[in-house]
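Visitor: I'd love a close look at one part of this protein. Could you walk me through it?

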Amino acid sequence: MSRFFDRKFEKLVPYVPGEQPQDRKYIKLNTNESPFPPSAKAIAAAGEAAKNLNLYSDPEMRLLKGALARTLGVDQDEIFVCNGSDEVLSFAFMALCPEGAAFPDVTYGFYEVFAALHGVPARKIPLRSDFTIDPEEYLSLRETVFIANPNAPTGILLSPGDVERILASSPDRLVVIDEAYIDFGGESCIGLIKNYDNLLVTRTFSKSRSMAGARLGFGVSCRAIINDLETIKYSTNPYNVNSMTAAAGIGALADEEYTKSNCRYVIENRAYTEKGLKSLGFEVLPSGANFLFARLPGSDGERLYRALKEHGILVRHFTSPRIKDFLRITIGTKEQSNALLDALAAITGKKQ
Ligand SMILES: *Cc1c(COP(=O)(O)O)cnc(C)c1O
């Protein structure tokens with residue numbers, strides 16, 4: 001820390017992203033990236049847009065918002081476009097938590113970081129012992145609620161009916177539903193924005209659309225909330241989304257069949273991988289995402305993580321007490337899953 005660093009950030013513990021090692025080639029099952037390249041239409045559109053990088057991107061993001069509006073069946077001014085969905089989440093913590101924030105004790109680690117960064121008091125609500133969210137706990141809270149659906153890193157889905165109960169219980173309290181992984185079999189809550197002006201749904205192109213490196217996310221909500229987010233955007237960085245990324249986003253949306261077929265592949269391979277893990281004795285939480293959260297009873301999560309790394313396979317391990325025995329394993333290709341299962345069989349000495 002330099003002597004210039006504001007003391008109010010002294011205790012800030014930043015988010016720790018999954019490793020992106022450059023030392024050797026790993027089978028990367030640690031950051032929930034897609035194993036597939038972006039749509040050819042996205043790549044071509046980004047290349048075309050590169051020719052105009054001398055110009056600023058359109059701060060209103062009209063073309064991209066238009067394409068998103070058509071895809072999602074909402075109005076253009078119900079959409080906020082941003083530099084990865086982490087940005088809209090950060091803005092929500094910054095500007096939409098007048099009474100603090102509430103979220104599960106086991107969830108996306110960034111929520112806690114954003115709360116600390118923006119000085120928002122955070123209430124952490126324990127998941128049930130089976131790692132599901134108890135909607136009852138969120139009824140009538142005053143704090144802005146943040147729920148990842150499916151939750152991360154558990155992968156467990158909450159039904160739109162349960163989300164609606166939470167929304168309806170307290171119309172003057174905002175609920176943010178983070179749908180980073182919704183395309184892998186879950187049911188979106190975007191349709192609820194018609195009836196609830198206290199709902200903000202966030203989405204990303206990083207996972208199902210194979211564009212993690214492009215940094216593109218968006219939020220869907222009523223016009224008034226979108227305007228608030230635009231106010232924050234125009235007060236930080238009006239050009240938050242670069243023109244290559246915006247063009248790639250439009251290209252990806254013009255190729256929905258590609259996204260859907262990739263998602264179908266992942267869903268199928270998720271079932272295959274789950275079966276393989278269970279046959280090795282793993283306990284696997286039911287996942288609606290492109291990853292599995294699993295533990296081997298009697299085995300140490302960190303030790304397994306390290307042993308897999310030695311086999312050239314990266315998975316994610318978290319140190320917080322409730323989940324330290326678990327591994328979060330991204331679902332990539334079937335070949336990658338087979339390599340993982342073979343390595344685990346070798347490490348544990350078990351037969352598949
Ligand atoms: C990956 C992820 C995000 C954010 O992704 P971006 O790449 O910033 O769009 C948000 N929420 C959850 C739960 C995620 O796993």
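Visitor: Which strands does helix α3 lie across, and at about what angle does it run to β7?

Guide: Happy to take you there, keeping in mind that this is a predicted model. Helix α3, residues 85–95, lies across β2, β3, β5, β6, β7 and β8, and its direction is at about 155° to β7, the strand of residues 199–204. To place those strands, picture an open sheet of 7 strands with mixed pairing, in the order β2-β8-β7-β6-β5-β3-β4. Its edges are β2 (79–82) and β4 (122–125), each of which pairs on one side only. From one strand to the next, the twist averages 20°.

Within this sheet, β5 (residues 144–148) and β6 (residues 175–178) pair in the parallel sense over 4 bridges, and I147 stands opposite I177 in β6. Helix α4, residues 110–117, also packs on the sheet: α4 touches β3, β4, β5 and β6, and makes about 150° with the direction of β5.

Both helices also contribute to pockets. The second largest pocket holds about 640 Å³ of space, and α3 gives the most to its lining, with 3 residues. That lining counts 32 residues, and Y15, T31, D86, Y108 and K207 lie nearest the pocket's centre. By class, the lining of the second largest pocket divides into 13 nonpolar, 12 polar and 7 charged residues.

For α4, turn to the largest pocket, with about 760 Å³ of space. Here α4 supplies the largest share of the lining, 3 residues; 31 residues line this pocket, with G109, R316, F318, T319 and S320 nearest its centre. The lining of the largest pocket has 17 nonpolar, 7 polar and 7 charged residues.

Conventions:
Residues numbered from 1 in each chain as written. Predicted model: local features only at pLDDT ≥ 70, side-chain atom pairs only at ≥ 80, totals over all residues. Heavy atoms only, no water. Pairing = 2+ DSSP bridges. Helix = DSSP H or I, 4+ residues; strand = E, 2+ residues; numbered from the N terminus. Axes fitted to C-alpha atoms, helices over the stretch in contact; angles between N-to-C directions. Contact = heavy atoms within 4.5 Å. 1 Å grid on protein atoms, 1.4 Å probe; cavity = no way out; pocket = protein on both sides within 12 Å on 5 of 7 lines; lining within 4 Å. Points joined across faces, edges and corners; volume = space filled by probe spheres on them. Nonpolar A, V, L, I, M, F, W, Y, C, P; charged D, E, K, R; others polar.
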